[in-house]
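Colleague: I'd like a close look at one part of this model, the pocket side of things. Take me through what lines the space, then link it to whatever else is worth seeing.

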Amino acid sequence: MKMRSLFLTGLCCLLTVVGFTSCNNDDDNNAWREGAKVQLSPYRAFILSEGSMNKNNSHLFYVDPTQDTIYTQDIYEAQNGRKIGDTAQGLVAADGDLYFVCNVSNYVARLNGSAVEQARYAFDKKLGQPRFLVVDDGKVFVTTYGGYVCQLDARSLALQDSVKVGTTLEGIVEHDNKLYVVQSGMKSNALYILNEKNLKQYETVAIMNNPTGIYEDNGYFWIMAYDDAYISYVSSYNPQTKQWKKIANASKVVPVGETLYIANSETNWATYKPTTTFSRYNAVTENLHSFLKGFPEEVGSQTVYMLARNPYDGTFYMATTDYVSNGKVYHFAADGNYIGKTFSAGGINPNSMVFIKQ
């Protein structure tokens with residue numbers, strides 16, 4: 001019996017090494033379900049809504065992307081027994097986990113793949129309110145309105161390092177071991193480029209005034225900013241020459257390699273009615289074409305608050321807002337055609353959507 005036991009133990013270990021199976025394979029594959037009160041599907045999406053500032057009504061909803069249906073209640077509340085807080089934004093999926101900033105509530109959180117909170121870091125008055133984050137190489141880098149770039153451990157969210165580089169910092173991206181951070185303000189034209197391995201090593205590059213967001217995919221950079229009339233626009237940015245070029249007016253963008261997908265909502269302040277258009281820009285050909293077609297007439301007269309792309313099937317999701325009621329989400333095929341599916345975002349001002357496939 002002892003020889004048989006030893007044989008079975010050795011066989012199990014051998015199979016684990018060669019990759020056919022694992023004695024704890026099921027446990028490893030289901031680790032993302034730990035602590036969940038509501039069981040989610042392995043292929044899932046999440047929509048984060050910031051709510052109204054100072055109303056403590058941010059929401060996170062679970063979406064089944066195969067059916068375009070949302071769970072009946074806020075999945076964060078269902079899994080954790082409490083509300084998210086005030087003005088949550090910048091939802092990111094990384095290594096099967098979810099990360100977001102809760103701006104007015106002054107914290108950053110990590111959730112597992114079922115939206116069960118695993119860790120959070122609260123920002124003090126010195127660091128200032130957190131704005132946006134990026135996850136890379138086991139670390140979370142967060143910008144703050146105190147002018148700091150903070151480095152947190154990606155698992156525990158313990159603060160590891162911080163550096164004050166400016167004032168009202170906004171968007172942040174990582175590329176080739178460098179962090180790119182923009183600083184908002186009508187008289188600010190700063191782009192900070194930091195060494196990811198040593199935050200104290202950084203340089204300041206002059207760009208356009210009042211930049212608010214920065215995006216990167218496959219080495220292509222894009223910067224959002226407001227002009228003097230407070231009209232939002234997007235520019236391309238070349239990290240080698242440190243030059244930028246205005247492309248078009250834009251409210252929300254999604255970068256996919258050399259292509260930038262653009263949604264632009266402009267309000268007629270005489271009538272208070274917005275007009276929305278969609279386009280795509282190719283950085284190589286420098287051509288700008290219309291995009292997203294066949295959508296309901298109502299979309300053209302609503303303000304776009306979110307534009308997202310499902311990386312698993314290439315389709316697009318666009319969400320609108322009236323700033324007082326739950327936003328609507330519209331689903332478009334990869335070629336830009338509306339596929340006839342619309343559903344509630346579950347909260348006011350939906351600002352980000354991510355996808356996970358286990």
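Modeller: A pocket here is an open set of grid points, on a 1 Å grid over the protein atoms alone, with protein on both sides within 12 Å along at least five of seven lines. Bear in mind that this is a predicted model.

Let's go to the second largest pocket, which holds about 260 Å³ of space. There are 16 residues in its lining, and the ones closest to the centre are Tyr 220, Ser 236, Tyr 237, Asn 238 and Ala 283. Three strands each put at least two residues into that lining: E17 (220-226), E18 (232-238) and E19 (243-249). Going by those ranges, Tyr 220 sits in E17, while Ser 236, Tyr 237 and Asn 238 sit in E18. The lining is a mixed bag by class, with eight nonpolar, six polar and two charged residues.

Now for the closed space. Searching the whole structure for cavities of 30 Å³ or more turns up one, and the volume of the largest cavity is about 30 Å³. Its lining consists of Tyr 261, Ile 262, Phe 278, Ser 279, Phe 291, Leu 292, Leu 307 and Phe 316. Strands E21 (259-268) and E22 (273-282) are the elements that give two or more residues to this lining. In class terms, you get seven nonpolar residues and one polar, with no charged ones.

While we're on charged residues, have a look at Arg 131, in strand E8 (residues 130-136). Its relative accessible area is 13%, so Arg 131 counts as buried, the cut-off being under 20%. The Arg 131 side chain makes a polar contact of 3.5 Å with the side chain of Asn 103. Beyond four places in sequence, the contacts of Arg 131 also include Gln 89, Val 101, Tyr 145, Leu 169 and Glu 170. Thr 143 and Thr 144 are in contact with Arg 131 too.

One last stop is an open sheet of four strands, ordered E3-E2-E1-E28 with antiparallel pairing. At the edges are E3 (69-70) and E28 (350-357), each paired on one side only. Inside the sheet, E1 (residues 43-49) and E2 (residues 59-64) run antiparallel and share five bridges. If you want a spot to find that pairing on screen, go to Ser 49, whose bridge partner in E2 is His 59.

Definitions and conventions:
Residues numbered from 1 in each chain as written. Predicted model: local features only at pLDDT ≥ 70, side-chain atom pairs only at ≥ 80, totals over all residues. Heavy atoms only, no water. Pairing = 2+ DSSP bridges. 1 Å grid on protein atoms, 1.4 Å probe; cavity = no way out; pocket = protein on both sides within 12 Å on 5 of 7 lines; lining within 4 Å. Points joined across faces, edges and corners; volume = space filled by probe spheres on them. Nonpolar A, V, L, I, M, F, W, Y, C, P; charged D, E, K, R; others polar. Buried < 20%, exposed > 50% of the residue type's maximum accessible area, 1.4 Å probe, protein only. Polar contact = N/O pair within 3.5 Å; in protein donor to acceptor, adjacent residues only side chain to side chain. Contact = heavy atoms within 4.5 Å.
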